[in-house]
Amino acid sequence: MSAQASATAEWLGIDVVSREEGTATLERPTRPEMGNRAQVVHGGFIALLADSAMGQAMSTVLPEGERHYSFDLKLSFIATGRIGERLRAVSRVLHSGRRTGVAECRVEGEDGRLVATATATFSVFLPGHDSKDN
């Protein structure tokens, strides 16, 4: 994932707040149509934000032209995301190798409460390498 937002991120209003070596912070507003039956943010939207943040963090430690895709995502919900609040995902890379990478993320509400934690494992395809070799 490059520094520019994907079409999905733009459509959902995800903002890249910061990107530095091995870290990234993303934010997104929540809207009523993102709610579940309990009228809190549906977990899928929280997962998408966490996965996007970890992908952005991973992109800061890999060479130009690489591609990476999450193939494993573990998410633990701690508290509800409230409709109308801005959620923040703070991520960092734990491992960056030639074929795989691992990142972690904290998703927080506007008041700083912990909404979710996540980890993801990424397949890495470096420039000039055929994806069949990975």
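Let me start with a term: strands here are DSSP runs of E, at least two residues long, numbered from the N terminus. Two strands count as paired if DSSP finds at least two bridges between them. Keep that in mind. And note that this is a predicted model.

First, the overall layout. The chain holds 2 helices and 6 strands. Follow the sequence and you read α-β-β-α-β-β-β-β.

Now the hairpins. Strand β4 covers residues 86-96, and strand β5 covers residues 100-108. They pair in the antiparallel sense, over 8 bridges. How many residues join β4 to β5 in the hairpin? The link has 3 residues. For one bridge, look at V93: its partner in β5 is A103.

On to the next pair. β5 also runs antiparallel to strand β6, residues 114-125, and 9 bridges join them. E104 has T119 as its bridge partner in β6. This hairpin has 5 residues between the strands. One of its residues, G112, takes a positive phi near 90°.

Next, the core. In soluble globular proteins, nonpolar side chains tend to be buried together. Here, the largest nonpolar core has 28 residues. Which residues have the most contacts inside it? They are I46, L49, M54, L87, C105 and V107. Two or more residues come from each of α1 (7-12), β2 (23-29), α2 (43-59), β4, β5 and β6. Helix α2 gives the most, with 7 residues.

Take V107 as an example. Set aside its neighbours within four places in sequence. V107 then touches I46, L49, A50, L87, R88, A89, R113, L114, V115 and A116.

Now compare a residue on helix α2, D51. Is D51 buried, partly exposed or exposed? Its relative accessibility is 24%, and buried means under 20% while exposed means over 50%, so D51 counts as partly exposed. Beyond its neighbours within four places in sequence, D51 is in contact with S70 and L73. V16 is 35 residues away from D51 along the chain, and their C-alpha atoms are separated by 13 Å.

Last, the whole chain. A compact globule of 134 residues would have a radius of gyration near 14 Å; this chain has 15 Å, which agrees. Its C-alpha atoms fill a box of roughly 45 × 25 × 25 Å along the principal axes. Of the 134 residues, 39% count as buried. The chain exposes about 7200 Å², and carbon and sulfur atoms supply 50% of that. Among contacts with a separation of 6 or more, 65% link residues 24 or more positions apart.

Terms used
Residues numbered from 1 in each chain as written. Predicted model: local features only at pLDDT ≥ 70, side-chain atom pairs only at ≥ 80, totals over all residues. Heavy atoms only, no water. Helix = DSSP H or I, 4+ residues; strand = E, 2+ residues; numbered from the N terminus. Core = buried A, V, L, I, M, F, W, Y, C linked by side-chain atoms within 4.5 Å. Buried < 20%, exposed > 50% of the residue type's maximum accessible area, 1.4 Å probe, protein only. Contact = heavy atoms within 4.5 Å. Rg over C-alpha atoms; globule rule 2.2 N^0.38 Å. Areas by Shrake-Rupley, 256 points an atom, 1.4 Å probe, with all protein chains shown as cover.
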